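Here are some notes to read alongside the structure. Please keep the view open as you go through them.

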Amino acid sequence: MTEVPAGERPLIQKLGVDIDAELLERALTHRSYAYEHGGIPHNERLEFLGDSVLGLAVTVMLFTTHPDLDEGALAKRRASVVSTVALAEVARGIGLGAHLRLGRGEEQTGGRDKDSILADTMEAVFGATYLSAGPDAATALVLRLTEPLLADPERYGAAMDPKTSLQELAARLGSPPPSYSVLSAGPDHDRVFTATVTVGELACTGSGTSKKTAEMAAALTAWRRLSERAESAGA
């Protein structure tokens, strides 16, 4: 296994698993960077693998730990944990954005904090872990990183339906109802949407490959910040 360079060791420490350096580098390489550097390999194949690793790990965990839930309830919970919004939150929790290899355009437009890029890269890291350390290590990593979403009912509910959670929290705090605006950029086949949600004086943004995903990302960020403010104020 190739040794991980010093710059990526903090990430490896947070992941808590040994990943081959070449696979980790590929997992962190966005296609925009690959295109600008002569078409080198990027992370989309690893993302494809990691998506399956993530889905299976979460499905088995939910099935075995919630024998009382029917198929519909299990599907909803799985969908929330594997969603772009939830995976982006997981990625931010380990500082993944700082390690991304992005092209100039993505770098200039805030790609390091885009939900879609963070979520896709997180899946690629799961894929790289599977190939480097095996299925058991990959499953353990998925469950450890997604556990906070499932352990905290309020956070779990916010990840599943952030717009409703934000609206309810704003009402409870006596804040104005959330209002959204959405902009889009890029060609039709690779369009990125950026949403801004405003709740009183608070304004938060989020991005995604659809208007809905972008609004959900913005809503989750706003919900998180409002929750922190409420906790600080003892509300």
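The points below cover the model, its cores, its sheet, one serine and a pocket.

1. This is a predicted model, in which local features need pLDDT of at least 70 and side-chain atom pairs count only at pLDDT 80 or more, while totals for chains, interfaces and linings use all residues. Residues are numbered from 1 along each chain as its sequence is written, and side-chain values use heavy atoms, with hydrogens and water left out.

2. A good place to start is the largest nonpolar core, which has 41 residues. Such a core is a set of buried Ala, Val, Leu, Ile, Met, Phe, Trp, Tyr and Cys residues joined through side-chain atoms within 4.5 Å; buried means under 20% relative accessible area, exposed over 50%, and partly exposed in between, with a 1.4 Å probe and protein chains only. Leu15, Ile19, Leu96, Met122, Phe126 and Leu145 touch the most other members. At least two residues come from each of several helices, including α4 (44–65) and α9 (135–151), and the largest share, eight residues, comes from α8. Helices (H or I, at least four residues) and strands (E, at least two) are DSSP runs, numbered from the N terminus.

3. Have a look at Met122. Leaving out residues up to four places away in sequence, Met122 touches Leu15, Leu87, Val90, Ala91, Ile94, Leu96 and Leu145, where contact means heavy atoms within 4.5 Å. A second, separate core has 20 residues, among them Leu169, Leu202, Cys204 and Leu220.

4. Next comes an open sheet of three strands, in the order β1-β2-β3 with antiparallel pairing; two strands pair if DSSP finds at least two bridges between them. β1 (179–185) and β3 (202–208) are the edge strands. Seven bridges link β2 (residues 192–199) to β3, and Val197 has Cys204 as its bridge partner in β3. Helix α12 (residues 211–233) packs on the sheet and touches β1, β2 and β3.

5. Is Ser116 buried or exposed? Ser116, in helix α8, is buried because its relative accessible area is 13%. Apart from neighbours within four places in sequence, Ser116 contacts Thr84, Ser207, Gly208 and Thr209.

6. Finally, 19 residues line the largest pocket, and those closest to its centre are Thr109, Gly110, Lys114, Thr194 and Ser207. On a 1 Å grid over the protein atoms alone, a pocket is an open set of points where a 1.4 Å probe fits, with protein on both sides within 12 Å along at least five of seven lines; lining residues have an atom within 4 Å of a point. The elements β2, β3 and α12 each give two or more residues to the lining.

Note on methods. Axes fitted to C-alpha atoms, helices over the stretch in contact; angles between N-to-C directions.
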